[in-house]
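Welcome, and thanks for taking a look at this structure. The briefing below walks through it topic by topic, so keep the view open as you read.

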Amino acid sequence: MSLIDIRGVSLQYGDRQVIKQVSVQIEQGEFFVIIGPNGAGKTTLLKALSGLHALVGGDILVHQRPITDYAKKELARTLALVPQQINADFPFTVAETVLMGRYPHLGLLAVEGKKDLEMAEQAMEFTEVDHLADRRLGQLSGGERQRVIIARAICQQSKILLLDEPTASLDPAHQLRIMDLMERLRCEAKVTIVMVSHDLNLAASYADRLLLLKDGEVEKVGTPQQVLTSEQLSQSYGCTLLVDENPLLGRPRVSLVSAGAAVTTNR
Ligand code: ADP
């Protein structure tokens, strides 16, 4: 049985359908990456997975139960969303922000106990933001802020992490740091990772399987080798993308080829 079962899901904004009859299963412990051109519906699908977007058709089952059957706190204990945009004006410190991840676990009085504080500390250590504990979010770099939001999600202790382009606007070293963090979470804490990414090479390096979306529909689901072919990508993205094998990883490597570059190579 799959951990997440997306069955014929359709989603709309107003009367415009942006996800059309999408079906895909995600397995326990997978590193699953959703790719596709701008406007394909990746963020909308991820929001629907986290229960933030009402379905107009189909069903999303987690542990074989429709997410609409989950109480709000129960769903938050099951899956955590790391959104694309984090408001830098968020008027809380790093420690306070991370501790908010405990909210779905608190009782009626909503007072954090010693265990909650310990978990927040552990999450900050894991994402290496513990030295920033007393700083406000607005006083951090983009990469640091991203790690704080991931720490909050870890503190939530959900076994499913949904991430919307967590490496966007980060330099290569920080991109790798976030991706390695995800891989460690998957291996050490058995967390299932579902990530939207624009970076086809990062997706190729880390994903077990990929979902390629276009215009709200499934173009292809499969391993990086199955999905990331030059023919498939060039057709889906509408530009020439060359795919060869990364000699270090043995996984696909995607290069953008401009018409000018083709002329230069042929010279
Ligand atoms: P992606 O993440 O693949 O770039 P999105 O899920 O953000 O795509 O958007 C899918 C489609 O839905 C796009 O055509 C986008 O313009 C539209 N869309 C996204 N958010 C909204 C919104 N809040 N209201 C209306 N349309 C939206």
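What follows is a short tour of the sheets, the ligand site, two individual residues and the salt bridges.

Please keep in mind that this is a predicted model. In it, 6 strands make up one open sheet, and 4 strands make up another open sheet. A search of the whole structure also turns up 10 salt bridges.

**The six-stranded sheet**

- The strand order in this open sheet is 6-7-8-3-9-10, and the pairing is mixed.
- Strand 6 (79–82) and strand 10 (217–222) stand at the edges; each has a single partner strand, so one side of each is left without a neighbour in the sheet.
- On average, neighbouring strands of this sheet are turned by 15° against each other, with direction ignored.
- Helix 9 (residues 230–237) packs on the sheet, where it touches strand 3 (31–35), strand 9 and strand 10. The direction of helix 9 makes about 35° with that of strand 9.
- Strand 7 (residues 160–164) and strand 8 (residues 192–196) run parallel and are joined by 5 bridges.
- If you would like a pair to find in the view, leucine 161 has isoleucine 193 in strand 8 as its bridge partner.

**The four-stranded sheet**

- Here the order is 2-1-4-5, in an open sheet with antiparallel pairing.
- Strand 2 (16–26) and strand 5 (65–66) are the edge strands, and each of them pairs on one side only.
- Strand 1 (residues 4–13) runs antiparallel to strand 2, and 7 bridges join the two.
- Valine 9 has valine 22 in strand 2 standing opposite.
- Helix 1 (residues 42–49) lies across strand 1, strand 2 and strand 4 (57–62), and runs at about 120° to strand 1.

**Around the ligand**

- Which residues are around the ligand? They are Tyr13, Arg16, Val18, Pro37, Asn38, Gly39, Ala40, Gly41, Lys42, Thr43 and Thr44.
- Arginine 16 takes part through its side chain, where an N or O atom is 2.8 Å from an oxygen atom of the ligand.
- Alanine 40 takes part through its backbone, with a polar atom there 3.1 Å from an oxygen atom of the ligand.
- Threonine 43 also has a polar backbone atom facing a ligand oxygen atom, at 2.9 Å.

**Two residues to look up**

- Arginine 209 lies in strand 9, and a polar contact of 2.6 Å joins its side chain to that of glutamate 30.
- Leaving out residues up to four places away in sequence, arginine 209 touches several others, among them Gln25, Phe32 and Val221.
- Serine 197 sits in the loop between strand 8 and helix 7. Is serine 197 buried or exposed? Serine 197 counts as buried because its relative accessible area is 4%, under the 20% cut-off.
- A polar atom of the serine 197 side chain lies 3.0 Å from the backbone nitrogen of aspartate 199.
- Not counting residues up to four places away in sequence, serine 197 touches Val33, Ile34, Ile35 and Glu165.

**Salt bridges**

- Side chains of opposite charge can pair when their charged atoms come close.
- Glutamate 188 and arginine 184 meet through their side chains in a salt bridge of 3.3 Å, N to O. Both residues lie in helix 6 (residues 172–189), 4 residues apart, which is about one turn of the helix.
- Glutamate 188 counts as exposed at 54% relative accessibility, while arginine 184 counts as partly exposed at 34%.
- Aspartate 208 and arginine 186 form a salt bridge in which the closest N and O atoms are 3.2 Å apart. This pair links distant parts of the chain, 22 residues apart: aspartate 208 is in the loop between helix 7 (200–206) and strand 9 (209–214), and arginine 186 is in helix 6.
- Arginine 186 is buried, with a relative accessible area of 17%, whereas aspartate 208 is partly exposed at 27% relative accessibility.
- Arginine 253 and aspartate 244 form a salt bridge through their side chains, at 2.8 Å from N to O. Arginine 253 is partly exposed at 33% relative accessibility, and aspartate 244 is partly exposed at 34%.
- Salt bridges that share partners also join Glu183, Arg186 and Asp208 into one network.

Terms used:
Residues numbered from 1 in each chain as written. Predicted model: local features only at pLDDT ≥ 70, side-chain atom pairs only at ≥ 80, totals over all residues. Heavy atoms only, no water. Salt bridge = Lys/Arg side-chain N within 4 Å of Asp/Glu carboxyl O. Buried < 20%, exposed > 50% of the residue type's maximum accessible area, 1.4 Å probe, protein only. Pairing = 2+ DSSP bridges. Axes fitted to C-alpha atoms, helices over the stretch in contact; angles between N-to-C directions. Contact = heavy atoms within 4.5 Å. Near = heavy atom within 4 Å. Polar contact = N/O pair within 3.5 Å; in protein donor to acceptor, adjacent residues only side chain to side chain.
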